[in-house]
Amino acid sequence: PPLPFFVSALLALCDAALAFIPSSPLYRSPAVHTLRSRTVAPVLPSLLRTARRSAAPRWLAQEDDIKPEDRAYKIGQACDAEWIGDNGWYAAEIFGYWKEGQYDIKWADPQGMAPTQATHPNAIRPFDARSYYRFGLNAMDQEDFDSAYLAFRTVYKLVGAFGDTEKHIATLIKQPSVVQIAAQRGDGELLAELGESLESGTSTRPARSSVVRTEATGEG
């Protein structure tokens, strides 16, 4: 009959210690080999799962593999997320799913950050395009063209056509300082796409998330 879990766990630890000295006659003996196959091997997977869950934060210690349809946020959806570097909130998009309910988020402007971050849902909130858009308008009024460009750029990257975002970016890109910012961030492709939109009169970057669009639309 199988041994109690704690006894098998203790044997597993002893087995691990013996593994460091494989030349030991005890470790190579047939009797120990038989004992390991009957008691240690069956308990190792369970022992490892228990150790991992005990060492993990409470919110990680839950069952894996949440179905995508049960996720609060979908891949491609715009969001704000808390960066572990300074606990500040920054614009991002849902880039993928991790186990234990976490999300892989991709920053819209990862200056000084890793491009992506595994993030718990408690550190994610819906993206408010209206707030970013208003910030851009206020920055333009104050002639803070760099901040205005970054705000409109974020909205355009994450949401797409929103108010007069495309026209504002086209105006701001004429400023030398904004040209430098765009070059630093590699915005050539984005600006070319925007130029095509303005030329054709039809946005080539449609809204990427119906959830965001219904929560934040319009200019005011």
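How much area does the protein chain expose, and what share of it do carbon and sulfur atoms supply? In this predicted model, the exposed area is about 13,000 Å², with 58% of it coming from carbon and sulfur atoms.

**The overall layout**

Let's start with the fold as a whole. The protein chain has nine helices and five strands. Read from the N terminus, the order is α-α-α-β-β-β-β-β-α-α-α-α-α-α. The chain has 220 residues, and 34% of them count as buried. Among contacts in the protein chain with a separation of 6 or more, 56% are between residues 24 or more positions apart.

**Two nonpolar cores**

In soluble globular proteins, nonpolar side chains tend to be buried together. Here the largest nonpolar core has 22 residues, and F127, Y149, L158 and V159 touch the most other members. At least two residues of this core come from each of the helices in the table below.

| Helix | Residue range |
|---|---|
| α4 | residues 129-141 |
| α5 | residues 145-158 |
| α6 | residues 165-172 |
| α7 | residues 176-184 |
| α8 | residues 188-200 |

Helix α5 gives the most to this core, with six residues. For a closer look, take Y149: leaving aside neighbours within four places in sequence, Y149 is in contact with I169, L172, I173, V178, I181, A182, D187 and L191. Apart from this core lies another, of ten residues, including A92, Y103, M113 and I124.

**One side of α4**

Helix α4 has 13 residues and spans 19 Å from its first C-alpha to its last, close to the 18 Å expected at 1.5 Å a residue. Which residues of α4 are buried? They are A129, Y133, G136 and A139. These buried residues cover an arc of only 125° around the axis, so they lie on the same side of α4. The spacing fits a general rule: an α-helix has 3.6 residues a turn, so residues three or four places apart point the same way. Helices α5 and α6 are among the elements that cover the buried residues of α4. After α4 comes E143, with a positive phi near 60°.

**A buried arginine in α5**

Is R153, which sits in helix α5, buried or exposed? R153 has a relative accessibility of 4%, so this arginine counts as buried. Leaving aside neighbours within four places in sequence, R153 is in contact with A108, D109, I169, R185 and D187. Two of these names may look familiar: I169 and D187 are in contact with Y149 and also with R153.

Technical notes: Residues are numbered from 1 along each chain as its sequence is written. This is a predicted model: local features need pLDDT of at least 70, side-chain atom pairs count only at pLDDT 80 or more; totals for chains, interfaces and linings use all residues. Side-chain values use heavy atoms; hydrogens and water are left out. Helices (H or I, at least four residues) and strands (E, at least two) are DSSP runs, numbered from the N terminus. Buried means under 20% relative accessible area, exposed over 50%, partly exposed in between (1.4 Å probe, protein chains only). Contact means heavy atoms within 4.5 Å. Accessible areas come from the Shrake-Rupley method with a 1.4 Å probe; for residues, only the protein chains shown count as cover. A nonpolar core is a set of buried Ala, Val, Leu, Ile, Met, Phe, Trp, Tyr and Cys residues joined through side-chain atoms within 4.5 Å. The expected span of a helix is 1.5 Å times one less than its number of residues. The arc is that of the directions from the helix axis to the C-beta atoms.
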